Amino acid sequence: MSQTIADINAKIKAGKAKVLTATELKSLVLDIGVTQAAKQVDVIVTGTFEPMESSGAILNLGHTDPPIKIRTCWIDGVPAYAGFGAVDIYLGATQEADPTDESPQYRGGGHAIADLIAGKTLTFKAIGHPNDCYPRANFETTITKESINQFYLFNPRNLYQNFIVGVNGGEETLYTYLGPLQPRLGNAVYSNPGAISPLWNDPDLQLIGIGTRIFMGGGIGYVAWEGTQHFPLQKRLENRTPIGPAATLALIGDAKQMTAEWVRGCYFRNYGASLMMGVAVPLPVINEEVVARAAVLDEELVAPVIDFSIPRRVRPIFGSVSYAQLKSGKITIAGSTVRTAPLASLHLSEEAAKTLKDWILKAEFTLTEPVAMLPSDRAFLPQDVRSF
């Protein structure tokens with residue numbers, strides 16, 4: 001059995017495509033096997049809803065009269081980067097607000113992005129570099145997603161193929177990008193939703209590439225490039241899934257299409273601001289091998305357990321655990337039972353996949369051929385500290 005993406009799109013437009021979420025596909029394979037399942041599905045929809053801190057928004061404000069060349073600016077008290085064109089700015093999800101009574105420090109770029117997507121009105125303040133082309137020195141206004149020109153997310157690193165499990169073997173609570181880690185192995189936190197997550201189901205990135213159309217934050221987005229820290233050379237199990245952080249994607253999407261349900265600002269105590277977002281990626285069933293890869297279960301996926309109490313680039317590892325163990329609510333470390341919790345919303349990860357499945361069944365979303373595949377030879381290089 002084989003078919004092309006064009007064949008699948010023709011079925012979608014005719015209302016005849018057979019679409020399953022990754023969870024439904026895995027259940028079907030357990031019932032009838034890979035070969036028979038491959039005959040009953042055209043698209044497999046994967047999904048996640050998790051923190052994606054390497055994210056941000058590009059905004060174009062439009063010109064004032066007289067015009068301004070913005071060099072310093074704030075959106076709702078959060079500093080944004082203005083080192084582009086005169087009124088182009090980038091608002092990073094983890095940028096924190098300058099602390100004031102009106103804008104406390106726990107608010108960050110992720111909150112401002114989510115509020116704009118939700119249709120809220122935010123303050124905008126700018127300081128310019130006056131010159132003959134752009135004489136204005138400063139201005140203040142309010143903005144909404146409708147009052148600005150371009151407003152799109154460009155996220156340099158999303159959708160980790162795998163990640164770590166954080167624990168704390170020390171004596172004091174640690175506040176991390178995984179949230180609080182309790183002392184003496186008091187808890188374990190993981191961020192990847194497991195077998196439904198997109199890149200587990202296409203482990204060697206044979207289907208997902210530059211130009212792949214996706215569900216992003218409630219709107220339509222695309223895979224733009226390899227993500228930062230893209231590490232496809234990570235060691236892998238026989239099923240080709242990685243044993244630790246591996247491939248990542250850079251994503252781009254029109255924030256004006258996105259919705260508050262799928263894009264939310266968040267804050268990690270004593271660590272900083274971030275952004276949670278729902279993403280769903282469709283996998284075209286072009287042959288039986290696609291189904292075989294996507295049939296992988298949580299029992300067959302592992303993540304390393306890392307001790308954050310050692311403040312070094314390379315930290316001690318308490319072995320690996322499966323995602324099935326993590327989702328059971330407890331794991332065993334050094335003879336002790338440790339409770340587990342996900343940062344990702346397992347429910348909303350499923351809902352993201354279901355939402356995109358519905359779009360495809362209604363012929364509101366078709367699949368794209370990648371214009372280029374993502375590199376498979378990237379190593380992850382550390383950085384040394386050098387004195388000058």
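## Close-up views of a predicted model

**Figure 1. Gly329 sits in a loop.** In this predicted model, Gly329 falls in the stretch that links helix H6 (323-327) to strand E22 (330-333). With 29% relative accessibility, Gly329 counts as partly exposed, because that label covers values between the 20% and 50% cut-offs. Set aside the neighbours within four places in sequence, and Gly329 is in contact with Val338, Arg339 and Thr340. Look also for Ala341: this residue is 12 places from Gly329 along the chain, and the two C-alpha atoms are 6.6 Å apart.

**Figure 2. The whole chain, for orientation.** Before zooming in again, here's the overall picture. The chain has seven helices and 24 strands. The C-alpha atoms fit a box of roughly 70 × 60 × 40 Å along the principal axes. A compact globule of 388 residues would have a radius of gyration near 21 Å, so the 22 Å found for this chain agrees with that. Buried residues account for 53% of the 388. Take the contacts between residues at least 6 apart in sequence: 71% of them join residues at least 24 apart. The accessible surface comes to about 17300 Å², and carbon and sulfur atoms own 51% of that area. As for charge, the chain carries 34 positive and 38 negative charges, and their mean positions lie 2 Å apart.

**Figure 3. Strand E15 and its hairpin with E16.** Which way do the side chains of E15 (residues 213-216) point? Arg213 and Phe215 go one way, Ile214 and Met216 go the other, and all of them are buried. That fits a general habit: side chains in a regular strand alternate between the two faces of the sheet. E15 pairs with strand E16 (residues 219-226) in the antiparallel sense, over four bridges. Within that pairing, Ile214 has Gly221 of E16 as its bridge partner. The hairpin leaves two residues between the strands, and Gly217 has a positive phi near 65°.

**Figure 4. Strand E19 and its two antiparallel partners, E18 and E15.** Strand E18 (residues 263-268) runs antiparallel to E19 (residues 272-284), with six bridges in the pairing. Cys266 is opposite Ser274 of E19. Three residues separate E18 from E19 in this hairpin, and Asn270 in the turn shows a positive phi of about 60°. E19 also meets E15, again antiparallel, through two bridges. There, Phe215 faces Ala280 of E19; Phe215 is one of the buried residues of E15.

**Figure 5. Ser197, tucked into a loop.** Find strand E13 (188-190) and strand E14 (209-210), then look in the loop between them for Ser197. Is Ser197 buried or exposed? Its relative accessibility is 2%, so Ser197 counts as buried, because the cut-off for that label is under 20%. Not counting residues up to four places away in sequence, what does Ser197 touch? The list is Thr46, Gly47, Thr48, Glu50 and Asn192.

**Figure 6. His347 on helix H7.** His347 belongs to helix H7 (residues 346-361). At 53% relative accessibility His347 counts as exposed, because the bar for that label is over 50%. Leu233 is 114 residues from His347 along the chain, and their C-alpha atoms are 31 Å apart.

Methods: Residues numbered from 1 in each chain as written. Predicted model: local features only at pLDDT ≥ 70, side-chain atom pairs only at ≥ 80, totals over all residues. Heavy atoms only, no water. Rg over C-alpha atoms; globule rule 2.2 N^0.38 Å. Buried < 20%, exposed > 50% of the residue type's maximum accessible area, 1.4 Å probe, protein only. Contact = heavy atoms within 4.5 Å. Areas by Shrake-Rupley, 256 points an atom, 1.4 Å probe, with all protein chains shown as cover. Lys, Arg positive; Asp, Glu negative; His and termini not counted. Charge placed at Lys NZ, Arg CZ, Asp CG, Glu CD. Pairing = 2+ DSSP bridges.
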